[in-house]
Structures are given as C-alpha cells and as structure tokens.
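Good morning, everyone, and thank you for making time for this. I would like to walk you through one protein chain, starting with its overall layout and then stopping at a few residues.

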Amino acid sequence: MKFIIVFAALFALALAAPADVEIVRSESEVGPESFQYVSETSDGSKTEAQGQLKNIGTEQEAIAVRGSYSFVADDGQTYTVEYVADENGFQPQGAHLPVA
C-alpha cells in the first residue's frame with residue numbers, strides 16, 4: 001500500500017512537470033511499516049515525505065505522513081508547503097497560506 005502511495009506521488013510529479021524539466025534527484029525507501037522519499041526537478045521543485053504506520057494490528061491502524069513540497073511559481077517566487085497527514089486529516093502550513 002505504501003509503495004503505491006509513493007509511486008503515485010512520483011508519477012503525478014512526473015506528469016505535472018513540463019517536458020523540458022528533468023528529475024535531478026529521486027530517492028525512496030519503502031519498508032513494511034514506513035516509507036520515505038525525496039525528489040527534486042531541474043525547475044527547482046522539491047518534494048519529500050516520511051510515513052509511519054501507527055497503531056499496528058488494531059482497528060485504529062493508520063499511516064501518519066509528514067512532508068513538504070516547494071515549487072517556483074510563474075511570479076518567480078518559491079512557495080513551500082509543509083504538511084502532516086494523519087488520522088486528523090491533511091494539515092498544510094506555508095507562509096503564503098491563510099491561517100484560520
């Protein structure tokens with residue numbers, strides 16, 4: 001399951017990249033109860049995440065992911081989002097994001 005999540009994320013990154021953008025770094029490690037990956041592209045985009053299976057063997061078993069991604073927007077500014085995704089949902093934070 002975790003392998004599919006990592007593969008889907010990297011596949012989506014590759015599809016979203018313009019044709020002249022190359023992957024300059026791609027590392028991943030997938031274990032039975034955790035994963036981590038890092039990727040960077042030649043246009044300055046970066047993504048990384050670490051995931052850990054929690055409450056193994058119980059009905060509350062879930063994966064908790066902590067990561068970040070950054071990209072250079074059309075205005076030339078680099079935007080970075082750090083996030084946690086767990087049983088409480090997706091919780092992004094970034095200097096450009098509104099705060100409730």
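Before I point to anything, one term is needed: a strand here is a DSSP run of at least two residues, and strands are numbered from the N terminus. Please also keep in mind that what you see is a predicted model.

With that term in hand, we can place Ser45, which sits in the loop between strand E2, residues 34-41, and strand E3, residues 46-54. Is Ser45 buried or exposed? Its relative accessible area is 13%, and because buried means under 20%, Ser45 counts as buried. If we set aside the neighbours within four places in sequence, Ser45 touches Ser39, Glu40, Ser70 and Phe71.

Let me step back to the chain as a whole. It has 1 helix and 6 strands, and, read from the N terminus, the order is α-β-β-β-β-β-β. Of the 100 residues in the chain, 24% are buried. The chain exposes about 7,100 Å², and 53% of that area is supplied by carbon and sulfur atoms.

Now to the aromatic rings. A pair of such rings is described by the distance of the centres and the angle of the planes. The structure holds 4 aromatic pairs, and one of them joins Phe35 and Tyr37, whose rings are stacked, with 6.2 Å from centre to centre and 10° between the planes. Phe35 is buried at a relative accessible area of 4%, and Tyr37, at 8%, is buried as well.

Elsewhere, Tyr69, Tyr83 and Phe90 form one aromatic cluster. Phe90 belongs to strand E6, residues 89-93, and with a relative accessibility of 49% it counts as partly exposed. Phe90 also takes part in a nonpolar patch on the surface, together with Tyr69 and Phe71, and these residues have about 280 Å² of accessible area together. You may remember Phe71 from earlier, as it is among the contacts of Ser45.

My last stop is Arg66, which lies in strand E4, residues 62-72, and which is exposed, at 54% relative accessibility. How far apart in space are Arg66 and Ala85, C-alpha to C-alpha? The distance is 6.4 Å, although 19 residues separate them in sequence. Leaving out neighbours within four places in sequence, Arg66 is in contact with Ala49, Gln50, Tyr83 and Val84, and Tyr83 is one of the residues of the aromatic cluster I described a moment ago.

Methods:
Residues numbered from 1 in each chain as written. Predicted model: local features only at pLDDT ≥ 70, side-chain atom pairs only at ≥ 80, totals over all residues. Heavy atoms only, no water. Phe/Tyr/Trp six-rings, centres within 6.5 Å; stacked < 30°, edge-to-face > 60°. Buried < 20%, exposed > 50% of the residue type's maximum accessible area, 1.4 Å probe, protein only. Patch = residues over 30% accessible without salt bridge, like charges linked within 9 Å, V, L, I, M, F, W, Y side chains within 5 Å. Areas by Shrake-Rupley, 256 points an atom, 1.4 Å probe, with all protein chains shown as cover. Salt bridge = Lys/Arg side-chain N within 4 Å of Asp/Glu carboxyl O. Helix = DSSP H or I, 4+ residues; strand = E, 2+ residues; numbered from the N terminus. Contact = heavy atoms within 4.5 Å.
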